[in-house]
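Visitor: I should like a close look at a single helix and at the parts that surround it. Could you guide me through one such region in a connected account?

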Amino acid sequence: MKSFLDFELPIIELKEKISDLTEFMRSKEIDLSDEVNKLEHKLQVLEKKIYKQMTPWDRVQVSRHHNRPTTLDYIEELFTDFLEMHGDRMYGDDPSIVGGIGKFDNRAVTIIGHQRGKDTKDNIYRNFGMPHPEGYRKALRLMKQAEKFRRPIITFIDTKGAYPGRAAEERGQSQAIANNLFEMAALSVPIISIVIGEGGSGGALGIGVCNHLHMLENSTYSVISPEGAAALLWKDASKAKRAAETMKITAYNLKKLGIVDEVILEVKGGAHTNLKLQALAIREAVKKSLTELNLLDKEELIEHRYEKYKKIGDFSFQQDFKQEKVLVLN
């Protein structure tokens with residue numbers, strides 16, 4: 001499986017040219033350092049240009065990169081003494097959502113996140129990061145426990161969506177997600193959510209009702225995938241690139257719309273190129289959020305969350321033909 005994306009091909013070709021030239025110098029004992037330096041400078045300019053001018057579809061591809069860090073990767077980098085907890089106490093455990101208790105800067109916190117697999121076998125075990133209802137019930141159980149012991153909650157969002165299979169529906173998928181939305185809205189502890197990959201539909205919202213919502217620069221957050229939107233709008237999933245442009249699903253678009261509180265910059269080439277540096281950027285964002293939210297008491301935290309979601313969107317009153325007031329979403 002190739003580790004680069006199509007839009008990165010010019011960068012890869014130039015890197016290979018530099019590598020070949022360097023090897024030629026070594027084997028033939030010829031000094032071509034000036035040529036190598038020129039190519040390396042050209043590479044720096046090219047990388048800056050390509051990564052600065054990424055399209056929404058480019059960012060969708062990066063968010064899905066098979067080497068992109070997962071929740072467990074960030075847990076290992078950001079938290080100490082992590083203890084994973086399992087099961088929803090009703091049906092079973094769901095490996096596509098991981099959660100437990102750990103320490104962030106020596107303070108106990110509850111960590112919950114979607115978990116994708118690293119290879120085919122792991123993806124099957126993790127159900128490709130698409131949770132069943134027992135996963136959402138496990139998450140809510142841990143959130144309630146966090147509220148009882150006054151622990152902040154940190155969630156990592158990375159899923160194409162909740163699993164739409166028959167078994168999941170039979171076990172109450174919609175009810176499990178709806179119940180999480182309802183309960184999270186009223187939790188009296190700080191909730192910080194970070195979109196680290198794909199944030200898909202209700203599957204993302206099921207652990208995403210929060211006080212502060214952060215997104216990695218190359219992550220996405222949407223009610224439906226670009227392929228799904230293209231299939232619905234134009235009856236052609238191959239128009240996903242056009243859908244990605246239209247849907248405003250990238251971090252910067254959503255920041256402008258007031259949905260995202262902070263965009264966390266990614267290392268050059270994407271989070272998968274340097275996990276440790278990316279984790280440091282996330283650490284600073286979480287630390288900043290915790291410092292701000294720790295100043296609020298229980299009632300203020302709930303009110304803060306309420307005001308956050310109330311102000312999303314642009315509403316106006318218009319008169320219909322019956323001269324009655326109707327609420328219109330612009």
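Guide: The following account begins with one helix and then moves outward to its surroundings. The model shown is a predicted one. The chosen part is helix α3, which covers residues 56–63.

Consider first how far α3 is covered. Of its 8 residues, 7 are buried, and the helix is thus described as mostly covered. The buried residues are Pro56, Trp57, Asp58, Arg59, Val60, Val62 and Ser63. Their packing partners are two strands, β5 (191–200) and β7 (220–222), together with the helices α10, α11 and α12 (251–256).

Among these partners, α11 deserves particular attention. In general, a pair of packed helices is described by the distance between the axes and by the angle between them. The axes of α3 and α11 (residues 240–247) come within 8 Å and cross at roughly 105°. Because angles of 65 to 115 degrees count as roughly perpendicular, α3 is roughly perpendicular to α11. On the α3 side, the residues that meet α11 are Pro56, Trp57 and Val60. On the α11 side, they are Ala240, Lys241, Ala244 and Glu245. Sorted by class, this contact of α3 with α11 holds 5 nonpolar and 2 charged residues, with no polar ones.

The loop that leads from α10 (226–234) to α11 contains Lys239. Lys239 has a relative accessibility of 33% and therefore counts as partly exposed. Apart from neighbours within four places in sequence, Lys239 is in contact with Ala230 and Trp234. Between Lys239 and Ala229, which are 10 residues apart in sequence, the C-alpha to C-alpha distance is 8.9 Å.

Two of the partners of α3 also lead to the interior of the model. Both β5 and α12 supply at least two residues each to the largest nonpolar core, which has 29 residues. Further elements that supply at least two residues include α6 (133–148), β4 (153–159), α8 (173–185) and β6 (212–216). Helix α6 gives the most to this core, namely 5 residues. Ile112 is one of the residues with the most contacts inside the core, as are Tyr136, Met143 and Tyr221. Leaving aside neighbours within four places in sequence, the contacts of Ile112 include Ala139, Leu142, Met143, Ile153 and Ile207. A second, separate core has 23 residues, among them Ile196, Ala279, Val286 and Leu293.

Conventions: Residues are numbered from 1 along each chain as its sequence is written. This is a predicted model: local features need pLDDT of at least 70, side-chain atom pairs count only at pLDDT 80 or more; totals for chains, interfaces and linings use all residues. Side-chain values use heavy atoms; hydrogens and water are left out. Axes are lines fitted to C-alpha atoms, for helices over the stretch in contact, and angles run from 0 to 180 degrees between N-to-C directions. Helices (H or I, at least four residues) and strands (E, at least two) are DSSP runs, numbered from the N terminus. Angles under 35 degrees count as roughly parallel, over 145 as roughly antiparallel, 65 to 115 as roughly perpendicular and the rest as oblique. Contact means heavy atoms within 4.5 Å. Ala, Val, Leu, Ile, Met, Phe, Trp, Tyr, Cys and Pro count as nonpolar, Asp, Glu, Lys and Arg as charged, and the others, Gly among them, as polar. Buried means under 20% relative accessible area, exposed over 50%, partly exposed in between (1.4 Å probe, protein chains only). A nonpolar core is a set of buried Ala, Val, Leu, Ile, Met, Phe, Trp, Tyr and Cys residues joined through side-chain atoms within 4.5 Å.
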